Amino acid sequence: MLLVWHVQVLADDKKPVQLAEELAVFQPFLGTWQADFAVPAGKPAMRDISRWERALNGTAVRTLHSINAGMYGGESLIFWDKSKNAVVFYYFTTAGFYTQGTIEVLSPTEFVAFEDVTGNKDGITQVKSTSRFKDGRFTVSTQYLKQGKWTEPEQRTYVRSNETVQFK
């Protein structure tokens, strides 16, 4: 009987972890990813390592990321806010600024995030990013409201990675 119970416990450990229904769009994003930024010729390479984790018994998603082994990084907590009837998040950075925002789910594999930025020294006050998951990878297109003008969208594609998020 003990052997049967032990086998069942091991089998249960192999079941995929689920997120709250309101966070289902993030299920395929769980895990570790990397993206190499497009940089001008002669500039150093830039790599973002991002880890998405189920948090708080599936009622939240925690993300951590670092660029170039800790040159810059941040951490987010994404959750369903019942009072706002919306997916919301907070993002804290190693550069000393933070953002708070909402996420609009566009489809089972796509969402757009709207962020208000506090304390950015470069004059960025808002961010808009669209994320799409397709064919085992995801693409993020990001625009910044910087000194009153929206920047051109920057796009990055993330693929699965065995690297680790690093902070200094």
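This passage describes the confidence of a predicted model and the surroundings of two of its residues, T99 and Q126.

The model is predicted, and local features were accepted only at a pLDDT of at least 70 and side-chain atom pairs only at pLDDT 80 or more, whereas totals for chains, interfaces and linings use all residues. Residues are numbered from 1 along each chain as its sequence is written, and side-chain values rest on heavy atoms, with hydrogens and water left out. The average pLDDT (the predictor's confidence in each residue, from 0 to 100) is 91 for the protein, with 90% of the residues scoring at least 70. Over residues 1–12, pLDDT remains under 50, and the model has zero contacts (heavy atoms within 4.5 Å) beyond four places in sequence for this segment. Where pLDDT is low, predicted coordinates should not be read in detail.

T99 lies in strand β6, which spans residues 98–107; strands are DSSP runs of E with at least two residues, numbered from the N terminus. Because its relative accessibility is 1%, T99 is classed as buried (under 20% relative accessible area, with exposed over 50% and partly exposed in between, for a 1.4 Å probe and protein chains only). Beyond four places in sequence, T99 contacts F89, Y90, Y91, E115, D116 and V117. The side chains of T99 and E115 are also joined by a polar contact of 2.7 Å, the term denoting a pair of N or O atoms within 3.5 Å of which, within protein, one must be able to donate a hydrogen and the other to accept it, residues adjacent in sequence counting only if both atoms are side-chain atoms.

Q126 belongs to strand β8, residues 124–134, and counts as partly exposed because its relative accessibility is 30%. Its contacts beyond four places in sequence are with E115, D116, V117, Q143, Y144, L145 and W150.

How values were computed. Helix = DSSP H or I, 4+ residues; strand = E, 2+ residues; numbered from the N terminus.
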